[in-house]
Amino acid sequence: SCFEGRGPVTPWPHPRAMMGFGRQGMAQSEGCAFHMCTICRAPIRVSWFTVAYLGLQILAVISEWRNGAQNIGILFASTLIQFLVLYLTVLVHEFGHGTMARKLGGEINHILLWPFGGICFSSTPPQPTPRATVKNDLLVVGAGPSTHFLQTPFWGVLLWAFVAGLGQTSQCK
């Protein structure tokens, strides 16, 4: 099953994985994040800073309510929906990177969701030439953003269905 449990982050043997931004993300992933779930053999970790970000958003809704906002339920639901759509988009984007790495013979170590988006910690097997290494790296890098070509119409149709379900029409003025 794709939704099986998995423990803490396993050691990552790929030497190029720990350069620059990856080193900072890995440190935060180990010390400031928790294992949320495993999807298709990829552990998903969430930074505690992401939880704090959601908490701040909820505090902003409570502040609006204390200042007299009448539609607290709509504000709260809107905040949660925006958060979920944002992080589902980030998760699919990161799975784009990881899926391409797997297609090229690599593996996903884990995915970290944090306030700045996400990081897919993945590896690809060594290549015989530097040119092949760069080609595979570019394929992995491009696979994340390419997921947005499918996500954009999906979220658009979902938004249209939601608005239509409310019986409202969109009018640009």
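**Entry 1: Phe-83 and its partners**

I began with Phe-83, which is buried, with a relative accessible area of 15%. The model I am reading is predicted. I then looked up the ring partner of Phe-83: Tyr-53 forms an aromatic pair with Phe-83, with 6.2 Å centre to centre and 35 degrees between the planes, and the pair is tilted. Tyr-53 sits in helix H2 and Phe-83 in helix H3, 30 residues apart, and I noted that the pair links distant parts of the chain. Tyr-53 is partly exposed, at a relative accessible area of 32%. Tyr-87 joins Tyr-53 and Phe-83 in one aromatic cluster.

**Entry 2: other rings**

I searched the whole structure and found 5 aromatic pairs. One of them is Phe-34 with Trp-48; the ring centres are 4.6 Å apart and the planes at 45 degrees, so I entered this pair as tilted. Phe-34 belongs to strand E1 (residues 33-39) and Trp-48 to helix H2, so the pair ties together parts that are 14 residues apart in sequence. I looked up Phe-34 by itself and found it partly exposed, at 26% relative accessibility.

**Entry 3: helix H2**

Next I took H2 as a whole. The helix runs over residues 48-66, 19 residues, and reaches 27 Å from its first C-alpha to its last, close to the 27 Å expected. Which residues of H2 are buried? I listed Thr-50, Leu-54 and Val-61. They lie on the same side of H2, because they cover an arc of only 40 degrees around the axis. The buried residues of H2 pack against strand E2 (42-47), helix H3 (72-103) and strand E3 (107-114). On the face turned away from this buried side I found the exposed residues Leu-56, Leu-59 and Arg-66.

I also checked both ends. At the start of H2, a side-chain oxygen of Ser-47 comes to within 3.0 Å of the backbone nitrogen of Phe-49. After H2 comes Gly-68, with a positive phi near 105 degrees.

**Entry 4: nonpolar cores**

I turned to the largest nonpolar core, which has 14 residues. Those that touch the most other members are Ile-39, Ile-44, Leu-91, Phe-95, Ile-108, Ile-111 and Leu-113. E2, H3 and E3 are the elements that give two or more residues to this core, and H3 gives the most, with 5 residues.

I looked up Ile-44 in detail. Leaving aside neighbours within four places in sequence, the contacts of Ile-44 include Phe-34, Ile-39, Leu-91, Phe-95, Ile-111 and Leu-113. Apart from the largest core I found another, of 6 residues, among them Met-26, Ala-33, Ile-119 and Phe-121.

Conventions: Residues are numbered from 1 along each chain as its sequence is written. This is a predicted model: local features need pLDDT of at least 70, side-chain atom pairs count only at pLDDT 80 or more; totals for chains, interfaces and linings use all residues. Side-chain values use heavy atoms; hydrogens and water are left out. Helices (H or I, at least four residues) and strands (E, at least two) are DSSP runs, numbered from the N terminus. The expected span of a helix is 1.5 Å times one less than its number of residues. Buried means under 20% relative accessible area, exposed over 50%, partly exposed in between (1.4 Å probe, protein chains only). The arc is that of the directions from the helix axis to the C-beta atoms. Contact means heavy atoms within 4.5 Å. A polar contact is a pair of N or O atoms within 3.5 Å; within protein, one must be able to donate a hydrogen and the other to accept it, and residues adjacent in sequence count only if both atoms are side-chain atoms. A nonpolar core is a set of buried Ala, Val, Leu, Ile, Met, Phe, Trp, Tyr and Cys residues joined through side-chain atoms within 4.5 Å. Rings of Phe, Tyr and Trp (its six-membered ring) pair if their centres lie within 6.5 Å; planes under 30 degrees apart count as stacked, over 60 as edge-to-face and the rest as tilted.
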